[in-house]
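Work through these exercises with the structure open beside you. Try each task before you read its solution.

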Amino acid sequence: MARQIQFAKKAPEAKELRRRAGAWLKELRACAGLSQIQLAERLGLKYYTFISQVENGFGRVPTESMEAWARALAIEPSAFARRLLSFYDPELHRLLFEVKE
Amino acid sequence: MTVIAFQPRMLQLDGPWRTGELNAMVETLMPEATRPGGLGWDVGLTEIGDPQFYLLGPPQDECLLCISRIGCRYVLEDGAGQVLFEHYRLSLLVERAKAALQKRKAQVVARAALVWCALRETVEERLDAVVLDGEELLAHCVPQLAALA
């Protein structure tokens with residue numbers, strides 16, 4: 001069956017994906033043995049509250065700081081970005097990494 | 001006589017949002033939320049129990065602004081984690097949040113106006129071309145039709 005083209009993710013779906021991304025990031029942080037405060041320090045943030053915002057599924061890791069997050073969480077940056085893209089923009093992720101000719 | 005400027009007594013708060021705090025944030029920021037497709041809000045806690053207030057906006061209910069209470073200090077951040085303002089008085093911070101929201105709204109309106117103008121320009125150009133073609137066709141066909149009649 002042909003896939004329907006989606007121009008925008010519906011809000012509940014996007015929300016759920018962000019929540020799952022947050023849970024994944026929380027897991028990574030726990031594996032790295034860091035608290036939210038320690039991660040914020042490694043990222044050079046003044047407050048640790050943004051970490052919580054992202055982990056609670058209300059915010060996203062900005063593209064420009066993905067590499068810093070990856071290094072702070074001891075994960076390979078491109079794998080980290082790819083996994084985050086699967087949450088934040090699943091359609092683009094599918095086109096880039098899943099569609100085979 | 002020497003006047004000593006005392007620092008205002010700062011109340012150390014912890015735990016979730018108090019009703020008064022929530023009311024202050026919701027009453028100031030929520031007039032926007034009553035419109036269809038407008039803003040929404042939610043609350044959460046950090047790992048160590050500091051409360052957060054998330055102001056959510058379209059299109060995907062994403063955090064536009066976040067207010068957190070850390071000890072006796074309130075912190076206002078945008079959706080990308082940039083600290084916009086911090087103060088021990090919530091009322092002042094909420095006013096800043098409202099101003100940031102209005103600024104954002106103005107930017108959205110300006111962008112929409114720009115898109116509208118570009119679209120109108122394109123449509124007008126294409127319409128002009130169609131009208132000119134039509135006029136040429138008419139000028140060419142009318143004498144022939146007149147001759148036939």
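Angles between helix axes under 35 degrees count as roughly parallel, over 145 as roughly antiparallel, 65 to 115 as roughly perpendicular, and the rest as oblique. Keep in mind that this is a predicted model.

**Exercise 1. Two helices in chain A**

Task: Describe how α5(A) and α6(A) pack, and classify their angle.

Solution.
Step 1. Locate the helices. Helix α5 of chain A covers residues 77-88, and helix α6 of chain A covers residues 90-98.
Step 2. Recall what is needed. Two packed helices are described by the angle between their axes and the distance between the axes.
Step 3. Read off both values. The angle is about 130 degrees, and the axes of α5(A) and α6(A) lie 5 Å apart.
Step 4. Classify. The angle fits none of the other classes, so α5(A) and α6(A) are oblique to each other.
Step 5. Find the residues that meet. From α5(A) come A:R82, A:L85 and A:S86; from α6(A) come A:P90, A:L92, A:H93 and A:F97.
Step 6. Sort them by type. Four residues of this contact are nonpolar, two are polar and one is charged.

**Exercise 2. The make-up of chain A**

Task: State which elements chain A contains, and what share of its residues is buried.

Solution.
Step 1. Count the elements. Chain A has six helices and zero strands.
Step 2. Write the pattern. Along the sequence it reads α-α-α-α-α-α.
Step 3. Check burial. Of the 101 residues in chain A, 31% are buried.
Step 4. Look at contacts between residues at least 6 apart in the sequence of chain A. Of these, 50% join residues at least 24 apart.

**Exercise 3. An unusual phi**

Task: Find where A:A74 sits, and decide whether A:A74 is buried or exposed.

Solution.
Step 1. Place the residue. A:A74 lies in the loop between α4 (66-72) and α5 of chain A.
Step 2. Check the backbone. Most residues other than glycine have a negative phi. A:A74 is not a glycine, yet its phi is positive, near 55 degrees.
Step 3. Count neighbours. The cut-off for exposed is 12 or fewer C-beta atoms within 10 Å. A:A74 has 12 C-beta neighbours inside 10 Å, so A:A74 counts as exposed.

**Exercise 4. The sheet of chain B**

Task: Give the strand order of the sheet in chain B, and explain which strands are at its edges.

Solution.
Step 1. Write the order. Five strands of chain B form an open sheet, β1-β2-β3-β4-β5, with antiparallel pairing.
Step 2. Find the edges. β1 (40-45) and β5 (83-87) of chain B each have a single partner strand, so one side of each has no neighbour in the sheet.
Step 3. Note the twist. Neighbouring strands of this sheet are turned by 20 degrees against each other on average, direction ignored.
Step 4. Follow β2(B) to β3(B). Six bridges join strand β2 (residues 51-57) of chain B to β3(B). B:Y54 stands opposite B:C66 in β3(B). The two strands form a hairpin with four residues between them, and B:D61 in the turn has a positive phi of about 50 degrees.
Step 5. Follow β3(B) to β4(B). Six bridges join these antiparallel strands. B:S68 has B:V75 in β4(B) as its bridge partner. This hairpin has two residues between the strands, and B:G71 there takes a positive phi near 65 degrees.
Step 6. Finish with β4(B) and β5(B). Four bridges join them. B:L76 stands opposite B:F85 in β5(B).
Step 7. Check burial in β3(B). Strand β3 (residues 62-70) of chain B has seven of its nine residues buried.

**Exercise 5. Where the chains touch**

Task: Describe the side of chain A that touches chain B.

Solution.
Step 1. Count. 19 residues of chain A are in contact with 19 residues of chain B.
Step 2. Name the helices. α1 (11-31) and α3 (49-55) of chain A each supply at least two residues of this side. The largest share, four residues, comes from α3(A).
Step 3. Sort by type. Nine residues of this side of chain A are nonpolar, seven are polar and three are charged.
Step 4. Add the scores. The model has ipTM 0.83 and pTM 0.74.

How values were computed. Residues are numbered from 1 along each chain as its sequence is written. Chains are lettered from A and ligands numbered from 1 in the order in which they are written. This is a predicted model: local features need pLDDT of at least 70, side-chain atom pairs count only at pLDDT 80 or more; totals for chains, interfaces and linings use all residues. Two residues are in contact if their C-beta atoms, placed from the backbone, lie within 7 Å. Ala, Val, Leu, Ile, Met, Phe, Trp, Tyr, Cys and Pro count as nonpolar, Asp, Glu, Lys and Arg as charged, and the others, Gly among them, as polar. Axes are lines fitted to C-alpha atoms, for helices over the stretch in contact, and angles run from 0 to 180 degrees between N-to-C directions. A residue is buried if 20 or more other C-beta atoms lie within 10 Å of its own, exposed if 12 or fewer, and partly exposed in between; C-beta atoms are placed from the backbone. Two strands pair if DSSP finds at least two bridges between them.
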